[in-house]
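Please look over the sequence and the model below before reading on. The paragraphs after it are meant to be followed with the structure open beside them.

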Amino acid sequence: SKVNMKTKRVASIDIGANTILLLIAKVEEGKLEPLFEMETVVRLGEGVQKNGILSQEAMERGSQTLAQYLEHCSQMETQEVFAVGTSALREAQNSMEFLTIIKVRLGLSIEIISGAQEAELSYLAVAKDLKGIEKPIFVVDVGGGSTEFILGQRDQITQWVSLPLGSVRLTERFLFSDPVQEEEWGKMEKEIRKLLSNIPCSIQPCSMVAIGGTATTLASVEQGLKEFIPEKIHQFVLKKEALGSQLLSYRLKPIEERKKIPGLPPSRADIILAGGAILYMAMEEIRHSSALISCHGVRNGLLYKKLNLNSIGHAE
């Protein structure tokens, strides 16, 4: 459908274990221009680790958020909406029930994507931003249920892995006390380090880029931002020492105290320690002293792919 491709309006929705994200953009001459973005902490994956299914409450929260997102889409006269689901929907035994509810109530089709597809979309989102960089790019996408580690160069992925390390998953599995006990932290750390021995590593120096809500939240806290300011977060360099200090403060503070930290949304206060730990230990594993934070992710990659804007190419 090449009709009015000049100013087509499209939307993408990324349905994760912790967050559901919306991006509405217009496509002009093969370029994507974001018009509206929104993220909601829904915890769709709450309890999936333990029970193997999505709870009725979580599905209801998901349905309400998606209804609200589609409302924004229709207000902004969006012509097409693409929606994908990741780890929570991949794992839960009753995902089809959720997909059916959404299809029936809202007329929205959700495509559950594999870890490989998720890695591809994440990498695409980052590589687009870094075109012109010749050295390998190492992308870490810390999510609620899984973390993708992707190594590539320019527009080609060379190695990737999706590991069952996620901020919600690890919090539910290891961190029961408030504040967290040393022993709980130790067990979690051991699990993270064990799994991280599987991540791809580059022989030559690479650019490390961290994406996803955990990464952007850590950058926000580092700058003490009272509200989320994408311009200050996108391409912020987060140093390993700074991240280490943040983790220490989360370990010492009970959740109610964490909620008062500028830059940390209360809805993320309980899972930021586990999420930050994954990123910190990944930096240690690949011996990187900092990571570039990016606000772009699966939802951006999804639009590049669906609209065939994914040839990254080089400056003409």
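What follows is a walk through strands, cores and enclosed spaces in this predicted model.

A convenient place to begin is strand β2, where eight of the 10 residues are buried, so that this strand is largely enclosed by the rest of the structure. On one side of the pairing scheme, strand β1, which covers residues 8–15, is joined to β2 in the antiparallel sense by eight bridges, and V10 stands opposite A25 in β2. These two strands make a hairpin with three residues between them. Strand β2 also runs antiparallel to β3, to which it is joined by 10 bridges, and here T19 has V41 in β3 as its bridge partner. The hairpin of β2 and β3 has two residues between the strands, and E29 in this hairpin takes a positive phi near 45°.

From the strands we can turn to the nonpolar interior. In soluble globular proteins, nonpolar side chains tend to be buried together. The largest nonpolar core of this model contains 49 residues, and those with the most contacts inside it are F138, F149, M188, I192, M208, Y250 and L279. Helix α12, spanning residues 272–285, gives the most to this core, with 10 residues. When neighbours within four places in sequence are left aside, the contacts of F138 include F149, I150, L151, I199, M208 and I286. There is also a second, separate core of 24 residues, and A11, V42, L66 and L89 are among its members.

Where, then, is space left open? About 990 Å³ lies in the largest pocket, which is lined by 48 residues, with L21, E39, G213, T216 and R299 lying nearest its centre. The elements giving two or more residues to this lining are β2, β3, β6 (137–142), α8 (213–222), α9 (230–233) and α13 (298–306). By class, the lining of the largest pocket divides into 15 nonpolar, 22 polar and 11 charged residues.

Enclosed space can be considered separately. The count comes to one cavity of 30 Å³ or more, and the space in the largest cavity is about 100 Å³. Its lining is made up of A17, G45, V48, Q49, S87, A88, E91, G144, G145, V168, R169 and E172, and the elements that contribute two or more residues to this lining are α1 (48–51), α3 (87–91) and α6 (167–174). Sorted by class, the residues lining the largest cavity comprise four nonpolar, five polar and three charged.

Terms used
Residues are numbered from 1 along each chain as its sequence is written. This is a predicted model: local features need pLDDT of at least 70, side-chain atom pairs count only at pLDDT 80 or more; totals for chains, interfaces and linings use all residues. Side-chain values use heavy atoms; hydrogens and water are left out. A nonpolar core is a set of buried Ala, Val, Leu, Ile, Met, Phe, Trp, Tyr and Cys residues joined through side-chain atoms within 4.5 Å. Buried means under 20% relative accessible area, exposed over 50%, partly exposed in between (1.4 Å probe, protein chains only). Helices (H or I, at least four residues) and strands (E, at least two) are DSSP runs, numbered from the N terminus. Contact means heavy atoms within 4.5 Å. On a 1 Å grid over the protein atoms alone, a cavity is a set of points where a 1.4 Å probe fits but cannot get out, and a pocket is an open set with protein on both sides within 12 Å along at least five of seven lines; lining residues have an atom within 4 Å of a point. Grid points are joined across faces, edges and corners, and a volume is the space filled by probe spheres set on the points. Ala, Val, Leu, Ile, Met, Phe, Trp, Tyr, Cys and Pro count as nonpolar, Asp, Glu, Lys and Arg as charged, and the others, Gly among them, as polar. Two strands pair if DSSP finds at least two bridges between them.
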